[in-house]
Amino acid sequence: MTIARVDRRAQRSPAGSGATRTAASPTVPELRRRQRRRSRLTALAFLAPLAVYLAAFYVYPLYRNLDLSLRDYTVRSFVAGDAPFSGLDNFRTVLDDPTFGPAMRHTLVFTFVSIAFQYAAGLALAVFFNRHFRLAGTLRALFLIPWLLPLIVSASTWSWMFNSESGVINYALHLVGVAPVDWLDSPSWALTSVIIANIWIGIPFNLVILYSGLQNIPGELYEAASLDGASAWQQFRRITFPLLRPVSAITLLLGLVYTLKVFDLIWIMTKGGPGDSSSTLATWSYQLGFGTLLPKFGPGAAVGNILILIALVFGLLYIRVQRRQEA
């Protein structure tokens, strides 16, 4: 009786243990779902610090700037947080201000003149260094110095160079028999002075990006063009410039967005003066919000939002034009 019972248990045990293992072990689809879930959690864990950073330093400041522009803030209400809602009144105040027209015009002139000269000089230097002559790497590294210097150092240096009495530029003009120029103190030259400084600072960025784009152009194209008798200008017009168009689009777009919001260079050199001769939307926004004893937080934030909108519109317009050309 005991032996028969043991035999029956022995006969049932393999099947029973197999059924237990089958029920306990997950199936292949379940394993794949777990793996995908684990991958998503890992990706979210890596994205979380970036999301927190963007929310804290981009999304929230933009929200606060929009809130400032839609309310009638004073110093007391700014501290207490009970500013009344004013709608678009701050934007109307800004648009009706006589400073808006000159500031807008100076912003556009400063931006487009700077971008044009930065791109032209950067492209010329990139083509020059693409010939791989001796000391090309050393010279290319020296051209990066304006980009690597802190902006306050560059702006202070240009302020000294443009000084009407002791500046090196007026001294050089004196040596060639040209009368000295009031670069920073004259309404006719103040904007030109900050544009020259900004061009000098932005050339290295264009040089680096465009030079990297030239490295991706196959050398066989130039060899074939030389065999066909194409001149250097024809090679540049038919090969270099068309194939460099995608890189040029990125370079110009980044330069546009950056130059529109340049503030520190202008503020250090001229503070938007004399008068409003070199004032831009960026410097005017700062003057409204922080440049007086009775700050106008609402109008200052409105000017900042207008500047953001202009950058967004120009960026989207430029991208659309480039896509049409590529199509």
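**Exercise 1.** Is tyrosine 53 buried, partly exposed or exposed?

*Solution.* The model is predicted: local features need pLDDT of at least 70, side-chain atom pairs count only at pLDDT 80 or more, and totals for chains, interfaces and linings use all residues. Residues are numbered from 1 along each chain as its sequence is written, and side-chain values use heavy atoms, with hydrogens and water left out.

Step 1. Buried means under 20% relative accessible area, exposed over 50%, and partly exposed in between (1.4 Å probe, protein chains only).
Step 2. Tyrosine 53 has a relative accessible area of 40%, so this residue is partly exposed.
Step 3. Its place is in helix H2, residues 28-69 (helices are DSSP runs of H or I, at least four residues, numbered from the N terminus).

**Exercise 2.** Determine which residues aspartate 67 pairs with, and classify each by exposure.

*Solution.*
Step 1. A salt bridge requires a side-chain nitrogen of Lys or Arg within 4 Å of a carboxyl oxygen of Asp or Glu.
Step 2. Arginine 64 meets this criterion, with the closest N and O atoms 3.3 Å apart; arginine 64 and aspartate 67 both lie in helix H2, three residues apart.
Step 3. Arginine 71 also bridges to aspartate 67, at 2.8 Å from N to O.
Step 4. Arg64, Asp67 and Arg71 are thus linked in a network of salt bridges.
Step 5. Aspartate 67 is buried at 13% relative accessibility, whereas arginine 64 is partly exposed at 25% and arginine 71 is partly exposed at 26%.

Key: Helices (H or I, at least four residues) and strands (E, at least two) are DSSP runs, numbered from the N terminus.
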